[in-house]
Amino acid sequence: MKIISVVGARPNFMKIAPFIQEINHYNQSNQEAITHLLVHTGQHYDDRMSKAFFEALNIPKADINLGIGSGTHAEQVGNTMIAFEKVLKEEKPDWVIVVGDVNATLACSVTAKKLHVKVCHIEAGLRSGDIKMPEEINRLVTDRLSDLLLTPDLLSSENLRKEGVSDEKIVFVGNIMIDTLEANRDKAKQLLVSQIIEENFIDKQSIQNSNALNKSSFALMTMHRPSNVDLKEILTPIIRFLLDEVAIEIPLIWPIHPRTQKQLKLFGLWEEVMKHEQFILLHPIGYHQMLRLNMGAKLILTDSGGLQEESTVLGTPCLTLRWNTERPITLKKHGGASVLVGNNINQIRQEYISTINHPRKPKRPEFWDGKTAKRSLDTILKHNT
Ligand code: UD1
């Protein structure tokens, strides 16, 4: 059997790492080996957004890098399809495995199906119901086309059934990202928060004079969604709230996405956040470093999907800066650690006050147990007829 796995952007890397390890494991103990090729579309290309994760998670160098880079969504998807079609014609795999919901996921599943190659989607069935989100379009199209839909939770399996997907295509395998969390938890635990700050502080010049290095109690922040950072009238009040009501009380550690950094500069907010003593801006950080900060944070404010899931398993109280989520299992009402607060300051403030000293209540949804990669590969082998 020949498999091509696809990655494109940062959140894909922690999902593919355990799957590749599982293939290697299988090949060690089975005579009929699986031929595996890893394709990186190149959507994320900075060392800190890509190479660092390959190294930290022992992902082998991609066999093929399509070098797509940044651009509009149509450019990214179109260029990926053109380049990936050539790969498929050359390599003729039995299966294409796509993970998550980024542009690479959509582009490669469409290209594969047009050439009658079977597609398996790992992390299928998530739905936010918000068609304005580019990721929701990617999920809907990928799931509609996939031959095998491996879901992270039963709510996702139910979403697919409601859309008319036949039962034999849907298999509940659990959350593959939690395989990576469990495999790396101990290594992350050993890192020092002060060292993470020192190594990644965005303003190297002022690090010596900063009190940032001795912070034991801190809040953690990440934000990169276009709906939060692309409009000045939305981004400015969020930054004002963080400056005037959060960072005044507790240091705020914020590993900043390149898109957000660009927008803060564009809207004239960069100087002020850089100057604030308790606003600790970091470059994008590595997998273990983020896991360590998540483990130690009093609370996390984020619009990332992956962090909602990781904070649920770690028990970190999480304010999700979105109006909806494709991951309802992470919400408090389903036993998780997160609450939706959108980008309305009153709502963010209210939940921030009630959450800041909330005790940790780690919750492990069913099958978020570190064994999802094995269940995924077993299922693909079973369906390879
Ligand atoms: C993409 C995913 C999103 C995911 C996020 C994680 C889609 C539709 N979106 O959004 O689901 O949560 O990745 O980061 O696929 N840039 C760099 N260096 C890089 C990559 C990007 O500087 O290595 C900058 C570029 O200015 C680029 C911008 O970031 O235009 C946005 O990158 P892009 O890949 O288009 O989308 P993300 O916002 O990262």
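This passage describes how the ligand is held in a predicted model of the protein.

The natural place to start is the location of the ligand. The space that the ligand takes up is the largest pocket. Elements contributing two or more residues to the surrounding shell are α1 (10-29), α3 (73-91), α5 (134-145) and α11 (258-266). Of these, α11 gives the most, with three residues. At the level of domains, residues of the shell come both from domain 1 (2-175 + 368-382) and from domain 2 (183-355), so the ligand lies between the two.

The make-up of the shell comes next. In total, 19 residues surround the ligand, and the closest are His44, Asp46, Glu135, His224 and Lys262. Sorted by class, the shell holds nine polar residues, alongside five charged and five nonpolar ones.

Several polar atoms of the protein can be paired with oxygen atoms of the ligand. For glutamine 43, a polar side-chain atom lies 2.9 Å from a ligand oxygen. Histidine 257 also takes part through its side chain, with an N or O atom 2.9 Å from an oxygen atom of the ligand. In asparagine 103, by contrast, a polar backbone atom is the partner, and the distance to a ligand oxygen is 2.9 Å. As for the surface of the ligand, 740 Å² is exposed when the ligand is taken alone, and the protein buries 89% of that area.

Key
Residues are numbered from 1 along each chain as its sequence is written. This is a predicted model: local features need pLDDT of at least 70, side-chain atom pairs count only at pLDDT 80 or more; totals for chains, interfaces and linings use all residues. Side-chain values use heavy atoms; hydrogens and water are left out. A residue is near a molecule or strand if one of its heavy atoms lies within 4 Å of it. A polar contact is a pair of N or O atoms within 3.5 Å; within protein, one must be able to donate a hydrogen and the other to accept it, and residues adjacent in sequence count only if both atoms are side-chain atoms. Accessible areas come from the Shrake-Rupley method with a 1.4 Å probe; for residues, only the protein chains shown count as cover. On a 1 Å grid over the protein atoms alone, a cavity is a set of points where a 1.4 Å probe fits but cannot get out, and a pocket is an open set with protein on both sides within 12 Å along at least five of seven lines; lining residues have an atom within 4 Å of a point. A molecule sits in a cavity or pocket if more than half of its atoms lie within 2 Å of its grid points. Helices (H or I, at least four residues) and strands (E, at least two) are DSSP runs, numbered from the N terminus. Ala, Val, Leu, Ile, Met, Phe, Trp, Tyr, Cys and Pro count as nonpolar, Asp, Glu, Lys and Arg as charged, and the others, Gly among them, as polar. Domain bounds come from an automatic or database domain assignment.
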